[in-house]
Number of protein chains: 2
Amino acid sequence: MNIGQASGASGVSAKMIRYYEEIGLIRPSARTATNYRVYSDGDVHVLRFIKRARSLGFSLEETERLLALWQDRERESSAVKAVATSHIEDLERRIGEMQAMVKTLKHLAHCCSGNARPDCPILEDLAGTGPGGPEPVVAPTKDG
Amino acid sequence: MNIGQASGASGVSAKMIRYYEEIGLIRPSARTATNYRVYSDGDVHVLRFIKRARSLGFSLEETERLLALWQDRERESSAVKAVATSHIEDLERRIGEMQAMVKTLKHLAHCCSGNARPDCPILEDLAGTGPGGPEPVVAPTKDG
DNA sequence: CCTTGACCTTACCATGATGGGAAGCCCTAC
DNA sequence: GTAGGGCTTCCCATCATGGTAAGGTCAAGG
């Protein structure tokens with residue numbers, strides 16, 4: 001199987017397959033006499049594993065650890081669970097951060113009339129000024 | 001005020017102040033005779049605006065638009081609100097994606113005994129195999 | 001046999017926002 | 001005058017992915 005077929009069978013782009021090989025996430029594939037990469041069904045299985053791990057948000061580094069555990073018949077499931085739990089915590093932390101942003105933004109957007117007039121509590125918040133506060137004295141951007 | 005003092009007063013690192021200047025987010029600062037960057041209180045105000053926008057998750061591109069609106073006395077608050085609303089939608093989409101990941105991961109982690117035995121529903125999910133399914137025939141990683 | 005088009009190869013560049021470091025100049029205090 | 005800290009520019013790294021260019025290969029068909 002060529003890289004294009006392995007890509008189609010796994011859902012991982014050819015570009016990424018080569019990259020994963022380059023960084024050592026997967027072993028270098030076999031090659032034809034003309035230097036084409038050749039993949040087996042087992043290789044595709046590995047690629048699908050990576051694809052699934054990525055879709056669950058695991059980094060390539062975590063994916064590498066999970067692959068190693070998958071391959072290790074002596075693994076303890078606690079080790080796998082630890083990777084997953086740590087990732088869950090990371091996701092929840094990031095979700096919390098973004099939810100805080102959303103909360104603030106929704107409040108500001110709610111307070112903004114969103115009409116043709118210039119007064120805007122969103123800008124006032126960003127500027128750190130109260131309503132009717134000062135405008136920037138000097139035009140602050142590149143085209144000012 | 002030197003760049004270090006502007007950094008301290010705004011919370012934006014000197015590195016980032018130079019970068020913002022380079023990409024045109026802020027105008028090139030004044031310079032001393034010996035080429036040191038010089039900042040005014042107004043410049044610091046702009047930097048604090050950027051800092052606050054970034055902390056609410058706005059991209060630098062969105063921040064540039066917000067800065068331009070801030071500076072524009074003729075702005076319509078609807079334009080500001082549109083930027084914020086679009087950003088809120090983006091955040092909520094990403095939150096939803098991550099929550100879906102968390103949901104799946106928590107389910108898998110809950111089903112994983114997390115003990116010294118190798119059987120693990122997390123790996124089974126990633127591998128696309130049911131319980132007791134096949135292990136990879138060929139060691140899949142670089143050190144296999 | 002030769003062409004055509006699809007596929008493969010490597011190599012380099014780009015993203016977004018930030019940090020790190022090197023080499024060299026400047027400024028202040030002692 | 002020197003030491004230490006701050007400033008300058010320039011280059012590199014991150015993380016995961018996409019794009020593109022220049023060139024080799026392969027299969028089908030004239």
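Me: A crossing is right-handed if the near helix is turned clockwise from the far one by less than a right angle, and left-handed if anticlockwise. So which is the crossing of helix 3 of chain A and helix 4 of chain A, left-handed or right-handed?

Reply: Those two cross in the right-handed way. Before we go on, this is a predicted model, where local features need pLDDT of at least 70 and side-chain atom pairs count only at pLDDT 80 or more, while totals for chains, interfaces and linings use all residues. Residues are numbered from 1 along each chain as its sequence is written, chains are lettered from A and ligands numbered from 1 in the order in which they are written, and side-chain values use heavy atoms, leaving out hydrogens and water.

Me: What makes helix 3 and helix 4 of chain A oblique to each other?

Reply: Their axes cross at roughly 135 degrees and come within 10 Å. Angles run from 0 to 180 degrees between N-to-C directions, using axes fitted to C-alpha atoms over the stretch in contact. Under 35 degrees is roughly parallel, over 145 roughly antiparallel, 65 to 115 roughly perpendicular, and the rest oblique. The pair fits none of the named ranges and is therefore oblique.

Me: Which residues make that contact?

Reply: Helix 3 of chain A brings A:His45, A:Val46, A:Phe49, A:Ile50, A:Ala53 and A:Arg54, and helix 4 of chain A brings A:Leu60, A:Thr63, A:Leu66, A:Leu67 and A:Trp70. Contact means heavy atoms within 4.5 Å. By class there are eight nonpolar, two polar and one charged residues. Ala, Val, Leu, Ile, Met, Phe, Trp, Tyr, Cys and Pro count as nonpolar, Asp, Glu, Lys and Arg as charged, and the others, Gly among them, as polar.

Me: And why is the pairing of helix 1 with helix 3 in chain A called oblique?

Reply: Helix 1 (residues 3–10) and helix 3 (residues 41–55) of chain A pack at about 50 degrees, with axes 9 Å apart. That angle makes the two helices oblique. Helix 1 of chain A passes helix 3 of chain A in a right-handed crossing. A:Ala6, A:Ala9 and A:Ser10 of helix 1 meet A:Val44, A:Leu47, A:Arg48 and A:Lys51 of helix 3. That contact has four nonpolar, one polar and two charged residues.

Me: How do you know that chains A and B are related by a two-fold axis?

Reply: Chain B can be laid on chain A by a turn of 180 degrees and a shift of 0.0 Å along the axis, with an RMSD of 0.1 Å. That is why the relation is that of a two-fold axis. The copies are superposed by least squares on C-alpha atoms of residues with pLDDT of at least 70 in both. In chain B, B:Ile95 comes closest to the rotation axis, at 2.9 Å (C-alpha).

Me: What shows that the copies meet through the same surface?

Reply: 100% of the interface residues of chain B are also interface residues in chain A, so the surface is the same.

Me: What makes A:Asn35 stand out?

Reply: A:Asn35 has a positive phi of about 75 degrees although it is not a glycine. Most residues other than glycine have a negative phi. A:Asn35 sits in the loop between strand 1 (30–31) and strand 2 (37–38) of chain A. Strands are DSSP runs of E, at least two residues, and helices are runs of H or I, at least four, all numbered from the N terminus.

Me: Where does pLDDT stay under 50 in chain A?

Reply: Over residues 136–144, for which the model has 25 contacts beyond four places in sequence. pLDDT is the predictor's confidence in each residue, from 0 to 100. Chain A averages 90, and 90% of the residues score at least 70.
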